[in-house]
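Grab your viewer and a notepad. Here are a few exercises to work through, each with a solution to check yourself against.

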Amino acid sequence: MKSFFPKDSFPDSYDSLEKIFNNTYNGIAILTLDGDWIKVNNSMCEMLGYTKHELYNMKIENIIFRDDLGVHATKYERLMQGKIDRYRVMQRYFHKDGSIIWFLISVSLISAISGKPTQMIWQFSDITSRKLNQDKLKLMLRVVREQNDRLSSFADIITHNLRSHSGNLSTIKGFLEEEFTWLKENENFLLLSKAIETLEETVSHLTEVAKIKPVDAKQLVTLNLYEYVEKATYNVTAVARNTNTTIINDIDDGIYVKAIPAYLDSIILNFLTNAIKYRSDDRDPQIELTATLDNDFVVFKIADNGMGIDLVKYGDKLFQLYKTFHTNRDSIGLGLFITKNQIESMGGKVEVVSEVGVGSEFSIFFKAAKKTGLP
C-alpha cells in the first residue's frame, strides 16, 4: 500500500508524522474521492476490530449501517463545490464482532499543489456511549411524559368524581335538615355535617391543584407587570386599609413578562395577601414590589416587614402541599404550593430570603418579554 507520507518528500519528519498519524486517539482514514480506503491509522483498526489489511480489501459501505449510507451526500456535494471547507456527520458502523458503533466523522479535502481535490481525510470519534445515554434519556423522558399524561387524566377523573359525590352528600344533608329539623341538635349529625364540609373543602383544593398543567411557550402572552401589580393592589385595598398596610409599587411601567394572565393575577394576589396575613404586630405592615432584568428573566420581588419564616427549620417544606409555618387559624398550606407550580409551569422559578421577626422577600423569575423597558 502506498504511504500517504512518502519518505522522499520530507525524510527528516516522516517518522514523526507516521507516529502521530498512527498513535492519535481518534481514528483517521485517508480515502479516495469515491470513498475507497487509502490509509487508516491504528486507532481506526482498534475501533472497528479489523486489521489494516482487512480494511484495505473491503468496501467501506460494507461496514456502514444500511440506513446511514446516504448521510454524507448533501454535505459532500457542497464540499466538492467549494461552498464549505469541512463538515461533520454522525454515522453508524459495524464492528467486526457485529456490534454497532456510532461515529462522529469530520470530513475535509486534501488538495494537490494545483488546488484540485485529490483525496479526503476522515476523522472518527467514537460517540457510542453518548448516543446510548441520549437514547436512554429520550426513552425516560417519553415514559415520564406518558406517566404525567396518565396522572393528569387520573387527577381529572378523581377530582370530577369526588366533586360529584361530595355535592350529592351535601344535597342529601340539606334534605335531611329540612325534613328532620331535630337533626340539627344531634351530635352525630353535626359531626357528619362537619365531615362533609371538610370533604368539600379538600375536593376544592385538589381541583385547584389538578388545574395546574405544563404550559406551552406558545400559550404565554406579553403582559405589563406594573399594570397587573396595580390591579392586584386595588383588589386588596380594603384589607390593606383595615390592617394599616402600606403597599409600594416601585415597578417600571415599561416592564413586560411572558405569562398566563390568570396565573399572573393569582401569583401576585397570593403573595400580597400572604404578606398582609403574616404581618407583624410590632409595626405597621409595609410591602414593597420591585422588578429587575436578569438575562432572559424579569425578577419580580415582593418584600415585607412581617413575621418572617425560619428557613433553617422550614426551608425545604416551604412550598409543599398542606405545610404551614405560623399559627394563623386560616392557614392551610395550599397557596404557596399552587403559586410555585404556576410559576414553574411558565418556565420560571421562585426564591425566598427571610428572617424571623424581620420579614421576607420572595423573588419570582418570569420570562422577560421583548417589550421589557429596562436598560
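The exercises below all use this predicted model.

**Exercise 1.** Find where Thr-128 sits, decide whether Thr-128 is buried or exposed, and list its side-chain polar contacts.

*Solution.*
- Step 1: Locate the residue. Thr-128 belongs to helix H5, which covers residues 128-179.
- Step 2: Check the accessibility. The relative accessible area of Thr-128 is 15%, and buried means under 20%, so Thr-128 is buried.
- Step 3: Look for polar partners. The side chain of Thr-128 makes a polar contact with the side chain of Asp-126 at 2.6 Å. A polar atom of the Thr-128 side chain also lies 2.9 Å from the backbone nitrogen of Trp-102.
- Step 4: List the neighbours, skipping residues up to four places away in sequence: Thr-128 touches Ile-100, Ile-101 and Trp-102.

**Exercise 2.** Work out which helix or strand gives the most to the largest nonpolar core, then look at one residue of that core.

*Solution.*
- Step 1: Start with the core. The largest nonpolar core has 35 residues, and Leu-225, Leu-264, Ile-268, Phe-271, Phe-300 and Ile-364 have the most contacts inside it.
- Step 2: Go through the contributors. Elements that each supply at least two residues of this core include helix H7 (225-235), helix H9 (261-277) and strand E12 (359-368). H9 gives the most, with eight residues.
- Step 3: Zoom in on Leu-264. Leaving out residues up to four places away in sequence, Leu-264 touches Leu-223, Leu-225, Tyr-228, Val-257, Ala-259 and Phe-366.
- Step 4: Don't stop at one core. Apart from this core lies another, of 25 residues, among them Tyr-50, Ile-63, Tyr-87 and Ile-101.

**Exercise 3.** Test whether the end-to-end span of H9 fits or departs from the expected value.

*Solution.*
- Step 1: Get the expected value. H9 has 17 residues, and at 1.5 Å a residue they should span 24 Å.
- Step 2: Compare with the model. The end C-alpha atoms of H9 are 24 Å apart, which agrees.
- Step 3: See which residues of H9 are buried. Among them are Tyr-263, Leu-264, Ile-267, Ile-268 and Phe-271.

**Exercise 4.** Look at the phi values of Asn-244 and Asn-295, and place both residues.

*Solution.*
- Step 1: Recall the background. Most residues other than glycine have a negative phi.
- Step 2: Read off the angles. Asn-244 has a positive phi of about 60 degrees, and phi of Asn-295 is near 55 degrees, also positive.
- Step 3: Place them. Asn-244 lies in the loop between helix H8 (237-242) and strand E7 (246-249), while Asn-295 lies in the loop between E9 and E10.
- Step 4: Add accessibility. Asn-244 is partly exposed at 45%, whereas Asn-295 is exposed at 67%.

Methods. Residues are numbered from 1 along each chain as its sequence is written. This is a predicted model: local features need pLDDT of at least 70, side-chain atom pairs count only at pLDDT 80 or more; totals for chains, interfaces and linings use all residues. Side-chain values use heavy atoms; hydrogens and water are left out. Helices (H or I, at least four residues) and strands (E, at least two) are DSSP runs, numbered from the N terminus. Buried means under 20% relative accessible area, exposed over 50%, partly exposed in between (1.4 Å probe, protein chains only). A polar contact is a pair of N or O atoms within 3.5 Å; within protein, one must be able to donate a hydrogen and the other to accept it, and residues adjacent in sequence count only if both atoms are side-chain atoms. Contact means heavy atoms within 4.5 Å. A nonpolar core is a set of buried Ala, Val, Leu, Ile, Met, Phe, Trp, Tyr and Cys residues joined through side-chain atoms within 4.5 Å. The expected span of a helix is 1.5 Å times one less than its number of residues.
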